[in-house]
Amino acid sequence: MAEVRIRDLRKNYGSLEVIHGVEFDISDGEFVVLVGPSGCGKSTLLRMIAGLEGITSGSISIGDRVVNNLPPSKRDIAMVFQNYALYPHKTVGANMAFSLKMAGMPKDEIQDRVRRAAEILGLTEYLNRYPRALSGGQRQRVAMGRAIVRDPQVFLFDEPLSNLDAKLRVQMRTEIRELHQRLQTTTVYVTHDQIEAMTMADRIVVMQGGHIEQIGTPLELYDTPANTFVASFIGSPSMNMLPAVLRQRDGMILADTGATQLRVAGNAHCEDGREVTLGIRPEALSPAGEGLPGEVAVVEPTGAETHLVIRSGKSEVTSVLRERGNYRVGDTITLAADPAAIHLFDKSTGARLA
């Protein structure tokens with residue numbers, strides 16, 4: 001296990017800079033997830049840590065070594081890819097043992113490492129099978145086993161669950177998290193799926209356009225997003241965003257959305273007449289006598305919850321309700337919001353207002 005330190009890291013393709021001075025630390029034994037939309041630079045950053053992409057400037061340290069100029073084989077890392085990349089003509093056991101054989105490890109130690117990895121991943125009975133006889137989830141376990149046998153300082157995962165169906169993704173999320181809790185190996189995991197990030201990470205690094213937007217625990221990002229991008233990216237359904245103007249009335253701060261005025265908790269940066277973006281989570285809205293009025297546009301029953309899309313003025317607002325109700329398209333409804341659950345962001349920069 002080892003700490004990973006990234007300092008002022010930049011990556012250029014010709015004159016185009018795609019990673020812009022990224023800097024953060026990953027603690028020894030920590031599970032960190034890099035998340036963001038396609039093209040944000042998360043996979044490029046992971047490949048730079050692995051040594052599969054060159055570094056234009058800055059530094060990457062693994063443990064007490066700066067690894068900028070070291071080849072992947074010398075960095076003491078193991079990577080699991082989106083594509084399982086298994087040798088079809090080799091058995092599960094041979095696939096897991098291959099890198100150790102190439103390193104010249106004694107046969108007895110190879111067998112011991114493969115056996116222990118197979119026990120951890122539930123692959124013992126499949127060691128003599130070929131990849132074609134395995135399911136997608138089992139193949140991904142073999143790819144993970146191939147990484148585990150190397151006993152690296154750092155595990156790197158590049159969207160390893162993208163090729164699996166929804167049920168298998170949920171199962172494999174749990175298995176990867178349990179694996180980390182057992183091995184306590186420093187792990188960097190890339191995904192575009194914010195649900196994966198929220199459920200697996202010790203900390204999340206949210207990226208956009210080659211920049212880091214925010215770093216924090218899943219609940220820190222959910223409860224106190226640094227800007228409108230993080231607020232809308234983290235959480236499903238995403239946070240509702242409404243244009244509003246702040247008003248001060250009788251010692252209270254009100255956010256005027258045009259359709260109604262909602263009371264806001266706190267008063268920092270809340271000068272009268274300031275234009276802001278108001279954010280409210282769908283689950284923080286509930287039917288009540290006073291609040292945000294609108295007309296029901298879409299009703300989505302999911303069983304445990306009901307999702308309503310409401311047209312309020314010029315905006316569409318999503319609400320997630322735990323209680324079932326007889327809602328129909330065209331109904332008029334009012335959604336109340338807890339003042340403490342309202343987020344305010346600067347209209348021009350998108351930055352969070354305290």
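Start by selecting helix 4, residues 136-148. In this predicted model, eleven of its 13 residues are buried, so the helix is largely enclosed by the rest of the structure. Show the side chains of the buried set: Gly137, Gln138, Gln140, Arg141, Val142, Ala143, Met144, Gly145, Arg146, Ala147 and Ile148. From its first C-alpha to its last, helix 4 reaches 18 Å, close to the 18 Å expected at 1.5 Å a residue.

What do the buried residues of helix 4 pack against? Colour strand 6 (77-80), helix 2 (92-102), helix 3 (107-121), strand 7 (154-158) and helix 5 (166-183), and you have the elements they pack against.

Keep helix 5 on screen with helix 4. The two pack with their axes 11 Å apart and at an angle of about 20 degrees. Angles under 35 degrees count as roughly parallel, and the pair is therefore roughly parallel. The crossing of helix 4 past helix 5 is right-handed. To see the contact, select Gly137, Gln140, Arg141, Met144 and Ile148 on helix 4, then Leu168, Gln171, Met172, Glu175, Ile176, Leu179 and Leu183 on helix 5.

Next, bring up the six-stranded sheet. This open sheet has mixed pairing and runs in the order 6-7-8-3-9-10. Strand 6 and strand 10 (211-216) are its edges; each has a single partner strand, so one side of each is left without a neighbour in the sheet. From one strand to the next, the twist averages 15 degrees.

Zoom in on strand 3 (residues 31-35) and strand 9 (residues 203-208), which run parallel and are joined by four bridges. Here Val33 stands opposite Ile204 in strand 9. Now add helix 1, which packs on this sheet and touches strand 3, strand 6, strand 7, strand 8 (186-191) and strand 9. The direction of helix 1 makes about 150 degrees with that of strand 7. Helix 4 packs on the sheet too, touching strand 6 and strand 7, and its direction makes about 175 degrees with that of strand 6.

Your last stop is another open sheet, this one of four strands with antiparallel pairing, in the order 2-1-4-5. Strand 2 (16-26) and strand 5 (65-66) are at its edges with a single partner strand each, so one side of each is left without a neighbour in the sheet. Select strand 4 (residues 57-62) along with strand 5: two bridges join this antiparallel pair. Ser61 stands opposite Val66 in strand 5. Finally, return to helix 1 (residues 42-50), which lies across strand 1 (4-13), strand 2 and strand 4, running at about 115 degrees to strand 1.

Conventions. Residues numbered from 1 in each chain as written. Predicted model: local features only at pLDDT ≥ 70, side-chain atom pairs only at ≥ 80, totals over all residues. Heavy atoms only, no water. Pairing = 2+ DSSP bridges. Contact = heavy atoms within 4.5 Å. Axes fitted to C-alpha atoms, helices over the stretch in contact; angles between N-to-C directions. Expected span 1.5 Å × (residues − 1). Buried < 20%, exposed > 50% of the residue type's maximum accessible area, 1.4 Å probe, protein only. Parallel < 35°, antiparallel > 145°, perpendicular 65-115°, else oblique. Left-handed = near helix turned anticlockwise from the far one by under 90°.
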